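Here is a short report on one protein model. Look at the sequence and the fold, then read on.

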Amino acid sequence: MSTQQLTVKRRLSSTVASLKPSGIRRFFDLAASMEGVISLGVGEPDFVTPWRMREASISSLERGYTAYTSNAGMLELRVEIQKYLEERFSVSYHPEKEILVTVGASEAIDIALRAILDPGDEVLVVEPCYVSYEPVIRLAGGVPVFLKTTMDNQFKLTPEELEKHISPRTKAIIFCYPNNPTGSTMSAEEWKALLPILEKHDLLVISDEIYAELTYGKMHDSIAALPGMKERTILISGFSKAFAMTGWRLGYVCAEPELLAGMLKIHQYTMLCAPTMAQMAALEALRHGRADMERMIESYRQRRNYVVDGFQQIGLACHEPEGAFYAFPSVAATGLSAPDFAERLLLEEKVAVVPGDVFGQSGEGHIRCSYATSMEQLKKALDRMERFVQSLSK
């Protein structure tokens, strides 16, 4: 090791130095270097933010709304978030004491963990999971403990899996339903089966509900809406997925006043406030953007049906996702590992997918395919994937 490398290593904290780069990024970088690639890897809507939201932001700039807002976000926006959650998901938060507007849901996850964890506290992580959970837990001084879900039970968390991983150091549990990367959801009855365990061990719940609006055939059931759960739940959501506002970086976190006050301390020292023009766009989204959202959801539903049927015909077993915009087919029948399948598919047929083990050990043997792309591109991708799978059988 060179002197320069030694010096750099000493400058970094051991926690940061030990973090692995995102497994998704390697495939994105490889795909970006190739021409003619169809990407099913990106986890964002293919729609442009609806005009009404863009116009509201442009208008706010023209009218001079360029100053800081309250640390917690515009009160007007927090009131609309309160109305939206109560009307749509039957959970109510006080706009001044229990809602904080953040720079994306990612910031909300970060400050929630930093606000509650002491060094060595354990956090249960339901896998497969969003790639940032483990590193952000470690950066907050916590220890991630992984809970397994499988395609056999549609990637749902069971009471048995929850109970067996709890220890005296367990402080909280974090999960995302509808799930990234599987598209799985949890019903109110399935949540209720977990409540006695959560209450017995006095666990905090961090519920990442960024895909809550993207459900098919039924409404999302928030764990925070169940009896006794609002007080122990930190609910996280945002505008990126439902309103096609990924680049606006606007989210929010809801929690009981003591917890929210702790998160606000971190937020005000690190971010100060979310961008004013993004908050103005979000205000318009909540007041007048429901029809735009529903049109996008219906498009995702049609694409989901097409993609799942296509995977089944190709010979890749795939459960039907009930939410989000991801399919998570198994590639076990091909005899390849998920990373080998994904890399060969990209090199040989120029289709980019994400190997499931990027999302934790529970994702091994699967690939994540986003259907948030045009139907034309999905048809081409499935044709290429079918040709690739057939070549393997030869």
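## A buried charge, a helix and two cores

E122 is buried (under 20% relative accessible area, 1.4 Å probe, protein chains only), yet E122 has no salt bridge. A salt bridge needs a side-chain nitrogen of Lys or Arg within 4 Å of a carboxyl oxygen of Asp or Glu. The nearest side chain of opposite charge, R169, is 6.5 Å away; here Lys and Arg count as positive, Asp and Glu as negative, while His and the chain ends are not counted.

This is a predicted model, where local features need pLDDT of at least 70, side-chain atom pairs need 80 or more, and totals for chains, interfaces and linings use all residues. Residues are numbered from 1 along each chain as its sequence is written, and side-chain values use heavy atoms, without hydrogens or water.

E122 sits in strand 3 (residues 122-126). Helices (H or I, at least four residues) and strands (E, at least two) are DSSP runs, numbered from the N terminus.

Helix 12 covers residues 276-288. Of its 13 residues, 10 are buried. Among them are T276, M280 and L286. The buried residues pack against these elements, with contact meaning heavy atoms within 4.5 Å:

| Partner of helix 12 | Residues |
|---|---|
| Helix 4 | 51-62 |
| Helix 5 | 75-89 |
| Strand 2 | 99-102 |
| Helix 13 | 290-314 |

A nonpolar core is a set of buried Ala, Val, Leu, Ile, Met, Phe, Trp, Tyr and Cys residues joined through side-chain atoms within 4.5 Å. The largest has 99 residues. Its largest share, 8 residues, comes from helix 13. A second, separate core of 21 residues includes L162 and Y177.

Definitions and conventions. The expected span of a helix is 1.5 Å times one less than its number of residues. Buried means under 20% relative accessible area, exposed over 50%, partly exposed in between (1.4 Å probe, protein chains only).
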